[in-house]
Amino acid sequence: MAQLNAKIPEGPLAQKWTKYKASVKLVNPANKKKLEIIIVGTGLSGAGAASALGELGYSVKSFCYQDSPRRAHSVAAQGGINAAKNYQNDGDSIYRLFYDMIKGGDYRAREGNVYRAAEVSNQVIDHFTALGVPFARDYGGTLDTRSFGGVQVSRTFYSSGQTGQQCLLGAYSSLNRQIKKGNVTLYPRREMLDLVLIDGKARGIITRNLITGEIERHSAHAVILATGGYGTIYYLSTLAVNSNPSAAWKAHKKGAFFANPSFIQIHPTSVPQLNEFQSKLTLMSESLRNDGRMWVPKTKGDKRPANDIPEDERDYYLERRYPTFGNLVPRDVASRATKERCDAGFGVGETGLAVNLDFRDSIKKLGKKVIASRYGNLFHMYKTITGIDPFEEPMRIYPAGHYTMGGLWVDYELMTTIPGLFAIGESNFSDHGANRLGASSLMQASGDGYFIIPVTINNYLSDEIRTGKISTDRAEFEAAEKDSVERINKLMSIKGKQNASSFHKKLGKVMWDYCGMVRNEEGLKKALVLIEELRKEFWSDLNIPGTEAELNQELEKAGRVADYFEVAELLVTDALNRKESCGAHFREEYQTADGEAMRNDENFSYVAAWEYKGAGEPHILHKEELHFEEVEVKVRSYK
Amino acid sequence: MKLTLKIWRQKNAKAAGGFVTYQMNDVSPEMAFLEMLDALNKKLVEEDKEPIAFDHDCREGICGSCGMYINGHPHGPVPAITTCHLSMRFFKDGETVWIEPWRAKPFPVIRDLIVDRTAFDKIQFAGGFISINTGGAPEANLIPVKKEDSDNAFDSAVCVGCGACVAACKNASAMLFVSAKISQFALLPQGRIEARDRVRSMVEKMDELGFGNCSNTGACEAECPKEIKISNIARLNREFYKAY
Ligand SMILES: Cc1cc2nc3c(=O)[nH]c(=O)nc-3n(C[C@H](O)[C@H](O)[C@H](O)COP(=O)(O)OP(=O)(O)OC[C@H]3O[C@@H](n4cnc5c(N)ncnc54)[C@H](O)[C@@H]3O)c2cc1C
Ligand code: FES
């Protein structure tokens, strides 16, 4: 049985990365050009990696399913990006950022990886600033910061409510420079259908050209997946409608272990579902909780307009339950507290599945202008969607599926259990444990792409300098292409009635109801039955009009939905296995008398890495025990 | 609501296209415009007909994927929003809605409402960057920038690259798009160093790709979902003249 080796360097935490860098094997500049690297994904992690590796002189091939790399879903991040600069002199440091992430992740992340993410965070801000990313500034001309949930310092750099867009356009610009130089070749509107292994090593991918339908083979000496998260498993989520787990899942089926799949963050503040046709949920950034207060009426079923409810009849439930952190508790805590109030009948709006996020007091204190400068575009977006002006009335918000802490298992070098296959950004599992703190994903994705993978990949590639170009005529490519074509044919030939989205929607509801914010054994077991039923229905009643040899969005979607069923099953299996509550994973059976999560460190202080054993076979669980040398493992409290 | 949709259908770049009429009988004013198209597509698939192809991804107005003419306006009749943010509450019962792809020579139709906008990327490859290697950046606060300049740079940088400006322009000019990037970098000290080469390369590429000239009608500014100002074009012109 495969053994997990995280390859964490020896030595004190603060010196691990420095020591690693000093001892890692390097590739001679003359040899780099001969080595090819495939990078799937052009979000912050993928575009960052492609730029940095191109700058080093490697031959990079960059893929995305959108028409342009600039549209990867990193573009939608709103609130900000963390760094341990301590510009505010408020006691921040690399150690504190590391500590906040370990605690925020409910002690389910690796110390070594998290410390390194904190360590490179400052370089990320320097780099983006130099690339011309217009971060918010103070009157003196220096960079401004704000606070995010789960921390007591102000370390979040931002560009209004469009930080992801600005950072991604920065990464896109550095990518463009490498494209112009010829170091990176771009393959847009391509979907990765499979990973190709030769002698156990990742050597290429099979893609579908989304315009012509052509199936293509691409080879390389190493493959990096930067394909983002799978929060769309709930159908309605804050992710892009086309975000999907397929690339990671195909790699999983070829031998890459999948870690902690059930750790999915439900974000507390999204525009609630307004109707049954809805195709996505729009996030209202966590940064709003800096100046917005969350409340519900003290009286059940109070249907008065929010502004008519007097102060003493409002329940600011986060401030009440968590006086120290108040509205800035971490996301998992805020989401559950909101669900608790709504389930108890105190929710507002038509459906009762919403709470108020009120800016009245901040507007009174700071003035409309200041609030507009901080959140202008978010207020505008909210008004566009709902028709309600947050300057006049509180926003109505509700939790939504948002971020996947789980993902492909990687070691310290960000390599998966398949040699030569790496995973970076949201597609890996490594830095956020059971819950991610706000503004730490842009930081991690950028850090992975720009500063970590360009170092660690050398250790692998230094042994590849004699390999030579890898031919796509090899039998392994032939076989992988055949599998992909067969699957497409299978999907096309079902010729039932329903479109792929209808199945996705039904699956999403099952996952939200039984494997969402709270979970229990009975519900999870029921989910497994329902998923299987739906899967059968899918494979007998799906319809895809048109042909596979042309642009066919129904076929694209169907391939992804087929994978969702398998991902969903593993997700529920993982949630069943973890008989404890930690971070975003809340099992009703394991909670304290006052409804807080109850961890079980004795039995579950491990990363659950699942191995695929073939269709219909149960997955095998591998445990990577977590060792905490630097921090004391405590009950997480924000009270 | 009942709506009559007249939608441009075109099988591929080479095929001839034409309008096809669809009757929608139960459109809710709460739907988003693209959700209305989703509902139509669901129905079409159930009837084993090919659904309407259109680009979309984030559905929250930031990725720039979506875009179509709706009743003659890029992104529809409501100012300052992308198609994905357009709500059906802006339409009337019984209305006929005309839906077409961007019409511009440098953006050939790929299928139905999807066009090829890679020309935009090519302009950015030509010079839309600051040449700095990873690891070579100075400490961020060593580059102070006046707040006003930084805020103005941000206002230019919010362009989503959807192509509405080109589609709105009778000359299919890409000046608003190009000027937004030029302005962002021209306003920042980091960007000044390469300003001259950047403006030359980007404008040259823009001309080469067949985008037309700006004749100051301002349609681009009026239709831009992100309210990018035409004053950016004035700055582009100044930068351009300075570069020669
Ligand atoms: C609405 C929203 C707001 C957020 N706000 C913040 C914030 O304020 N701060 C913060 O730190 N984090 C935030 N996050 C999280 C953060 O944005 C993401 O985790 C991060 O940007 C992910 O980057 P990535 O590079 O891993 O992937 P992505 O940016 O998601 O990119 C994925 C890439 O993979 C490609 N791809 C996927 N599958 C395939 C395939 N099969 N074939 C080919 N290509 C494929 C896509 O084309 C795309 O280029 C937010 C997330 C959302 C959804
Ligand atoms: S779908 Fe992203 S902007 Fe409309």
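This report walks through two sheets, a ligand site and a chain interface in a predicted model.

## The β6-β7-β8 sheet

Let's start with a small piece of chain A. Strands β6, β7 and β8 of chain A make an open sheet in that order, and they pair in the antiparallel sense. The edges belong to β6 (190-198) and β8 (215-219) of chain A; each has a single partner strand, so one side of each has no neighbour in the sheet. On average, neighbouring strands here are turned by 25° against each other, if you ignore direction.

Looking at one pair in detail, β7 (residues 201-209) of chain A is joined to β8(A) by five bridges, antiparallel again. One register point to check on screen: A:Arg208 has A:Ile215 of β8(A) as its bridge partner. A helix comes in from elsewhere in the sequence, too. Helix α13 (residues 475-492) of chain A lies across β6, β7 and β8 of chain A, and its direction is at about 140° to β6(A).

## The β16-β10-β18-β19 sheet

The other sheet in chain A has four strands, in the order β16-β10-β18-β19; this one is open and antiparallel. Which strands stand at its edges? They are β16 (407-408) and β19 (620-625) of chain A, and because each has a single partner strand, one side of each is left without a neighbour in the sheet.

Between β18 (residues 606-611) of chain A and β19(A) there are six bridges, and the two strands run antiparallel. Within that pairing, A:Ala609 finds its bridge partner in A:His622 of β19(A). Helix α16 (residues 553-577) of chain A packs on this sheet, where it touches β10 (258-259), β18 and β19 of chain A. The direction of α16 makes about 145° with that of β18(A).

## Around ligand 1

If you're thinking about the binding site, there is plenty to look at: 36 residues surround ligand 1, and the closest are A:Ser45, A:Gln66, A:Ser74, A:Glu426 and A:Ser441.

A few polar pairs are worth pulling up. In the side chain of A:Ser45, an N or O atom sits 2.7 Å from an oxygen atom of ligand 1. A polar backbone atom of A:Leu442 is also 2.7 Å from an oxygen atom of the ligand. For A:Gly80, a backbone N or O atom lies 2.8 Å from a nitrogen atom of ligand 1. How much of the ligand does the protein cover? Of the 1000 Å² of accessible area that ligand 1 has on its own, 97% is covered.

## Where chains A and B meet

Contacts between the chains involve 78 residues of chain A and 71 residues of chain B. Together the two chains bury about 6200 Å², with 52% of that on carbon and sulfur atoms.

Three arginines are the ones to pick out on the chain A side. A:Arg71, A:Arg137 and A:Arg177 supply 11% of the area that chain A buries against chain B, more than any other three residues.

Technical notes:
Residues are numbered from 1 along each chain as its sequence is written. Chains are lettered from A and ligands numbered from 1 in the order in which they are written. This is a predicted model: local features need pLDDT of at least 70, side-chain atom pairs count only at pLDDT 80 or more; totals for chains, interfaces and linings use all residues. Side-chain values use heavy atoms; hydrogens and water are left out. Two strands pair if DSSP finds at least two bridges between them. Axes are lines fitted to C-alpha atoms, for helices over the stretch in contact, and angles run from 0 to 180 degrees between N-to-C directions. Contact means heavy atoms within 4.5 Å. A residue is near a molecule or strand if one of its heavy atoms lies within 4 Å of it. A polar contact is a pair of N or O atoms within 3.5 Å; within protein, one must be able to donate a hydrogen and the other to accept it, and residues adjacent in sequence count only if both atoms are side-chain atoms. Accessible areas come from the Shrake-Rupley method with a 1.4 Å probe; for residues, only the protein chains shown count as cover. Buried area is the accessible area (1.4 Å probe) that two parts lose on being put together, summed over both.
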